[in-house]
Structures are given as structure tokens and as C-alpha cells.
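Open the model in your viewer and keep the selection box at hand. The tour goes stop by stop.

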Amino acid sequence: MRQNIIAGNWKMHKTVRDASEFLQEFLPHLEHTPEDREVVLCIPATSLWPISKSLHGSRIRLGAQNVHWAEEGAFTGEISPAMLTEIGVRYVLVGHSEPRQYCGETDEAVNKRSIAAQKAGLTPILCLGETKEQRDNGETEDIIISQVEQGLPGVDLANLVIAYEPIWAIGTGETCEVHEANRVIGLIRSQLDNPDVPIQYGGSVKPALINEIMEQPEIDGVLVGGASLVPEDFAKIVNYF
Ligand code: PGA
């Protein structure tokens, strides 16, 4: 049985104070949220510890936005897997298109981060997706298959979430047509040895679209950027159907 996972990705938004204010508004909306879905918030590193304390007893699972592959060492600016698990973090984003685009993140690094995260007990949310140019050139399938092949060797499929995020749909308001997202996610699933890996869609997910997205048979949840910053919007997404 595949788990439905609704995850917010705050990117570089919200101070600790902003995060606390968000939760005050957001948490009451979870009172009647069905148990069939996991609710995750991937928040900036500075807020992880204070927010972890205030989430005690809530059903929100905490996610980080990056993790290093080494246990410790001379890696200025990085965060180790144990630093995250110690403060109650359960999930971590890896391979998001922004670090791939702006920080030179490679499939090899994504693979190493995923393996190290799992070793420490974290669940990686491995992001992949094609650019507009690749889509226009008919390269979507090849790119996706290559990202899966390079990102997954040695990764435990029993403790993994994949997020299909077409790069041209991220932060642009241009959502991928749901049947097309469903098709590509089906393609990703066909490349995996374990049929139970949850695969999310991400890219301009808005409250008005969530039911249609979640009705698709291959789609097991969403990774939400902009709309996860607004308590009411994210609440509507979490409470789909
Ligand atoms: P968006 O971001 O919902 O703002 O398009 C999605 C993401 O980057 O994960």
C-alpha cells in the first residue's frame, strides 16, 4: 500500500518567529485531517530545532532541505544526518532543482546524500524533473530515466519518496497537466524494483488543483512550494477531497 504524502517546501522563507506564527494558524486545520496521509514540512535549518519542540504530539513530520553524506568533518556550512535525527527530523529533500541549478548539485551527490540520510534513519524525498528545453526537445523520458538510474544505486527503495517536479512548473504558476504528470510518474514507477515507493508531483500546486491531482492513480501526494507558505492554502491542500 503506497503512502500519500503532502509535503511543504518553504525554501528560504520564514524566520523562527514567522514559522511559529504559521503553525498557530495552521495546526487547528489538522484536527480533522484523515489519517490516510502524512503531512510534512521541509523548513529552513534555523527553524528545525525550535519548531521540532513545538510540534511535539502533532501529526506534522519535520523535513530538512539538505543533508551532507559525511558523518562529520571539515565541511563548512553543511549539516550531518545525525544533526537532523537528533532534533526529530524525519525527512530530507535531496536533488531539488534549485540546488541542481544554482549550486552545481549532481546526481552523484544526490545519491550519496540519499544513502547517508537513510543510514541515519531519515527518509529522503528525492526530486527529479526535466527543464522546459528538454521537454520541448522530446527528452523528458530520457532525462527522467537517467536521473533515476544515477540517483538510486544503493538507495533503499523501502525508505524513499520520489518527487517528480518538472522544472518549468516550479514557481511559475504553470502546473503540469495532471494526466501528463500521472504518465511521467507511471514511467518513473516502471523503473523501480519496488512498486510501493510513494511518488509525488510538485510544481505550482495550488488548492484549486489538489483534488484533481490526488485523483490520479499514479500520484501519491504533492511537494508544495509557494502555497505551503500560506496556512489556509496549505491546509486546503492537506485536507484534499
Ligand atoms: P512551487 O515549488 O509549488 O512554488 O512551484 C515547488 C517546489 O519547488 O518544490
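Is Phe241 buried or exposed? Select Phe241 and show the surface. With 60% relative accessibility, Phe241 counts as exposed, because the cut-off for that class is over 50%. Keep in mind throughout that this is a predicted model. Phe241 belongs to the segment that follows α10, a helix spanning 231-238. Check its backbone too. Phi of Phe241 is positive, at about 70°, although the residue is not a glycine.

**Lys11 and the ligand**

Now select Lys11. Here is another positive phi outside glycine, near 50°. Lys11 is in the loop that runs between β1 (4-9) and α1 (16-26). Its relative accessibility is 21%, so Lys11 counts as partly exposed. That value falls just on the partly exposed side, because buried means under 20%.

Add the ligand to the view. Which residues come nearest to it? There are 13 residues around the ligand, and the nearest are Lys11, His96, Glu165, Gly171 and Ser204. Three polar approaches deserve a distance label:

- Lys11: a polar side-chain atom is 2.7 Å from an oxygen atom of the ligand.
- His96: an N or O atom of the side chain is 2.7 Å from an oxygen atom of the ligand.
- Gly226: here a polar backbone atom lies 2.9 Å from an oxygen atom of the ligand.

Hide the protein for a moment. Taken alone, the ligand exposes 280 Å². Bring the protein back, and 96% of that area is buried by it.

**Leu209**

Keep Ser204 on screen and add Leu209. Leu209 sits in the loop between β7 (199-202) and α9 (210-214). Which residues does Leu209 contact beyond its neighbours within four places in sequence? Thr175 and Ser204. Ser204 is also among the residues that come nearest to the ligand. Leu209 has 25% relative accessibility and therefore counts as partly exposed. Now measure across to Ile185. The two residues are 24 apart along the chain, and their C-alpha atoms are separated by 17 Å.

**Val16 in helix α1**

Go back to the N-terminal part and select Val16. Val16 is placed in helix α1. Its relative accessible area is 31%, so Val16 is partly exposed. Leaving out residues up to four places away in sequence, Val16 touches Thr46, Ser47 and Pro50. Draw the C-alpha line from Val16 to Thr46. It spans 7.1 Å in space, for 30 residues in sequence.

**Rings and charges**

Show the aromatic side chains next. How many aromatic pairs are there? The count comes to four. Select Trp10, Phe22, Phe26 and Phe234 together: ring pairs link these residues into a cluster. Stay on Trp10 and add Lys14. The charged end of Lys14 sits over the Trp10 ring, 5.4 Å from its centre. Then jump to Trp69. Lys112 lies over the face of that ring, 4.3 Å from the ring centre.

**Thr140**

Last stop: Thr140. Thr140 is in helix α7, which covers residues 140-151. Its relative accessibility is 4%, so Thr140 counts as buried. What surrounds Thr140, apart from residues up to four places away in sequence? Show Glu130, Gln134, Arg135, Tyr164 and Val184: Thr140 touches each of them. Compare the surface here with the start of the tour: Thr140 is buried, whereas Phe241 is exposed.

Definitions and conventions. Residues numbered from 1 in each chain as written. Predicted model: local features only at pLDDT ≥ 70, side-chain atom pairs only at ≥ 80, totals over all residues. Heavy atoms only, no water. Helix = DSSP H or I, 4+ residues; strand = E, 2+ residues; numbered from the N terminus. Buried < 20%, exposed > 50% of the residue type's maximum accessible area, 1.4 Å probe, protein only. Contact = heavy atoms within 4.5 Å. Phe/Tyr/Trp six-rings, centres within 6.5 Å; stacked < 30°, edge-to-face > 60°. Lys NZ or Arg CZ within 6 Å of the ring centre and 35° of its normal. Near = heavy atom within 4 Å. Polar contact = N/O pair within 3.5 Å; in protein donor to acceptor, adjacent residues only side chain to side chain. Areas by Shrake-Rupley, 256 points an atom, 1.4 Å probe, with all protein chains shown as cover.
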